[in-house]
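Dear colleague,

Below is the structure I said I would pass on. My notes on one part of it follow underneath.

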Amino acid sequence: MDRNPEVRMDTNANLHSQCPFCSVQCKLQIEKKRTEREEVLPVSWPVQDAYEATGRMNQASEGRLCIKGMYAHQHAWHEQRVKQPLLKTEAGFKPITWSEALTIIRSRWNELQQTDGRDAIGVYGGGSLTNESAYLLGKFARLALRTRYIDYNGRFCMSAAASAAQRAFGMDRGLTNPLSDIPFASCIVLAGTNIAECQPTLLSYFQRAKAKGAYIIVIDPRVTKTADLADLHLKIRPGSDAILLNGWLKWMVDQQWVDASFVAKRTEGFTALKDFLEGVDLQEVERLTDVPLQQIKLASERFARARTGMIFTARGVEQQVHGYETVRNFLNVLLLTGKIGRMGCGYGAVTGQGNGQGGREHGQKADQLPGYRSIEHESDRATIAKVWGIDADLLPRKGVSAYEMMLRIQEGEIRSLFVMGSNPVVSNPNARLVERALRKLDFLVVADFCLSETAELADLVLPSAPFLENEGTMTNLEGRVLLREAATPLQGESKQDWRILTELGRVLGAESYFDYASAEQIFEELRVASQGGLADYAGITYARLRKEEGVYWPCPDPSHPGERRLFAERFARDGGRAELLAVAHPRLPEEPCSDYPLYLTTGRVLTHYLTGVQTRGSYALKARELDAYMEVHPSTGREYGLTDGGWVKLSSRRGDCVLRARFSDSIRKDTVFVPMHWGGYQNVNRLTLPELDPTCKMPGFKACAVQVSALLAGDFIQSEQHGGLTSGL
Ligand SMILES: Nc1nc2c(c(=O)[nH]1)N[C@H]1C(S)=C(S)[C@@H](COP(=O)(O)OP(=O)(O)OC[C@H]3O[C@@H](n4cnc5c(=O)[nH]c(N)nc54)[C@H](O)[C@@H]3O)O[C@H]1N2
Ligand SMILES: Nc1nc2c(c(=O)[nH]1)N[C@H]1C(S)=C(S)[C@@H](COP(=O)(O)OP(=O)(O)OC[C@H]3O[C@@H](n4cnc5c(=O)[nH]c(N)nc54)[C@H](O)[C@@H]3O)O[C@H]1N2
Ligand code: SF4
Ligand SMILES: [Mo]
């Protein structure tokens, strides 16, 4: 085993990088640890442990770094990191050369497309990819493979907020304001967002607001670390946020707290919304949400009557089968109270992944072309076809969303999948079906530097480069584009994602369209492709990013400073007005019943990241949370015969998983919470719903019905691998 992979650096040199995990994109510095006598550690020391990272000054994190950033280098230097192409054989994975790997891919893909057509191959990307790689992945699918099937994991992340902002404001940029506006808000709503664990380095902005007297309202079925900030915590019934907001809206209209002049000048749709609210019954809202009427009124009053205010939403309210409508109702509150487009007023969809923002702008989405353009829009098609030097008719039309691709695989329409930057077998809803589908593929290719659960199922794994070895831009949650340069040379046979795509383009006969020598060259093309689009990067250059630290989009030309605060004068919709929308009380596809009596909601913990592949590859992070667990109220736990720390079998109509019980009186009695960071039998997505939001195709990760029982010796867990039931532990 390779205990000391070539970090090939001077032991005294510091590495400068950016955390690969969440959307804050904290800058960091990695240095060799020193002994007590201030000597650098001996070279025999395992490289994972020999270095430590500290935060570096930058505008978003202000020099702070959370525990994931401190140990992010550990997975990149893990001894089990994938560093050469791997081919699946009967005896397991066998290392092969790049040239062998590319030859296999060319012949399998050519063969499949000849027999089954161009759409026989699907492409699946991710929000961790740099802008350059995400852009190139979209171009690769449309131009080299000419398949319409491409989508990415951001579908499960930002799609509800993105589609809501797109329709209400005409533009989706996660935060309409810079982070530095937060301390100027006098009322802040944090809805389904656990910033203290998920974007910990941002907590300080909210603490500063609070110190200046801001009133903070947290909406969450659990008392999270974020809820500790709250002046008012609404311990809502899962999935009922849109209903709660109908209560807030009705109360503010009844009390005449609406900003009438803002509504008249800057919005449309008020009359229909007002008519709808007349029929809303506050007692019914109280009953359906389980939030006391007095708290509904208080929250409504505090927000409406505050001088300035901001609303932040994240996956708790968005990952619902009515996530789009729920976000629209939050935007209704913001618009009716005129709290947008000025200092201390605005909306924030707290973006998740490192490049969750840029990753949703440049064409790895099923219906999208670079610059947030539409693949169905003729003039957008013509613009991009011109940049790419092809006839617009060659561009495929829109495909389907991430989970729907899994259904197409299950139906046999997609026969090969290329995955870059995601672990879909763990992160998709209804994961047992997804595993069955992926096993059915004729040819699964995964580009990753870790052997994720999805890579384990692959026929071929391509070694990509982790953050320290990769170069490119990432757009943080504020819409600020940042340059992350490579800190170390590539290890082994690894290649950066963009380089892998250029090689694949070449063997597929599209060499002239994929002829790039650096990430910067790709960015130069992206600038042109995004010019005039909503997410306009035309004025941003690597030279500027090096000099200015980061530049906000839209930035249409090199002399433009980048737009920090959006919608000061007008919204991006035709006519410049924002749209209000009446949202009827939505219902969940599945409510608790006598067989499945509890709500399951899912989410995150501080020390792990998403499907956990990367953070479980770090000794320091893995050791802090070894197993999946289920947070349950002690009285509920006892009612079902559980013990604190004991093993539990958790089941829904779709499947079951095995976890440890963790008793906590911070959670509602009718709800259990499970983090999403583990695979196999600990994968909570074996239980989640297949239903999708009709507008944005977001799954309902945050609410389904489950039953719990103590795991007994001989209990059975449903397994795909063995085609039936296997013994529990
Ligand atoms: N430590 C860590 N940080 C991360 C990540 C990670 O995996 N680990 N992932 C990153 C990514 S990609 C993302 S998308 C973000 C996610 O960031 P968040 O959305 O903040 O994280 P979650 O834990 O998924 O959900 C937030 C909260 O929603 C609550 N919730 C559940 N159901 C409901 C509901 O019906 N209504 C309301 N109001 N609240 C509800 C949960 O109890 C939870 O506290 O975090 C990013 N940062
Ligand atoms: N139940 C439930 N399910 C959820 C959620 C939830 O809250 N509850 N949240 C959803 C959300 S918000 C998200 S974002 C998804 C995330 O779901 P996934 O995208 O599946 O999660 P990751 O763990 O980030 O998987 C990324 C994989 O790509 C690799 N990787 C990381 N960076 C790169 C890179 O730059 N290049 C390449 N080639 N590979 C890379 C990692 O090693 C890892 O194997 O999960 C969704 N699923
Ligand atoms: S996980 Fe997010 S908050 Fe933590 S160091 Fe990384 S970028 Fe910063
Ligand atoms: Mo996410």
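Two helices count as roughly perpendicular if the angle between their axes is 65 to 115 degrees. That cut-off is needed for one of the points below. Please keep in mind that this is a predicted model.

Helix 5 (residues 131–145) and helix 22 (residues 519–530) pack with their axes 9 Å apart, at an angle of about 70 degrees. The two helices are therefore roughly perpendicular to each other. Their crossing is left-handed. On the side of helix 5, the contact is made by Asn131, Glu132, Tyr135, Leu136 and Lys139. Helix 22 contributes Ala519, Ile522, Phe523, Glu525, Leu526 and Ala529. By type, the residues of this contact are seven nonpolar, three charged and one polar.

Helix 5 also has a sheet as a neighbour: it lies across strand 19 and strand 20, and runs at about 95 degrees to strand 19.

As for the sheet, it is an open one of three strands, in the order 19-20-21, with antiparallel pairing. Strand 19 (472–475) and strand 21 (550–552) are the edge strands, each pairing on one side only. From one strand to the next, the twist averages 30 degrees. Strand 20 (residues 480–484) pairs with strand 21 over three bridges, in the antiparallel sense. Across that pairing, Arg480 stands opposite Tyr552 of strand 21.

That is what I have on this part.

Regards

Methods:
Residues numbered from 1 in each chain as written. Chains lettered and ligands numbered in written order. Predicted model: local features only at pLDDT ≥ 70, side-chain atom pairs only at ≥ 80, totals over all residues. Heavy atoms only, no water. Pairing = 2+ DSSP bridges. Helix = DSSP H or I, 4+ residues; strand = E, 2+ residues; numbered from the N terminus. Axes fitted to C-alpha atoms, helices over the stretch in contact; angles between N-to-C directions. Contact = heavy atoms within 4.5 Å. Parallel < 35°, antiparallel > 145°, perpendicular 65-115°, else oblique. Left-handed = near helix turned anticlockwise from the far one by under 90°. Nonpolar A, V, L, I, M, F, W, Y, C, P; charged D, E, K, R; others polar.
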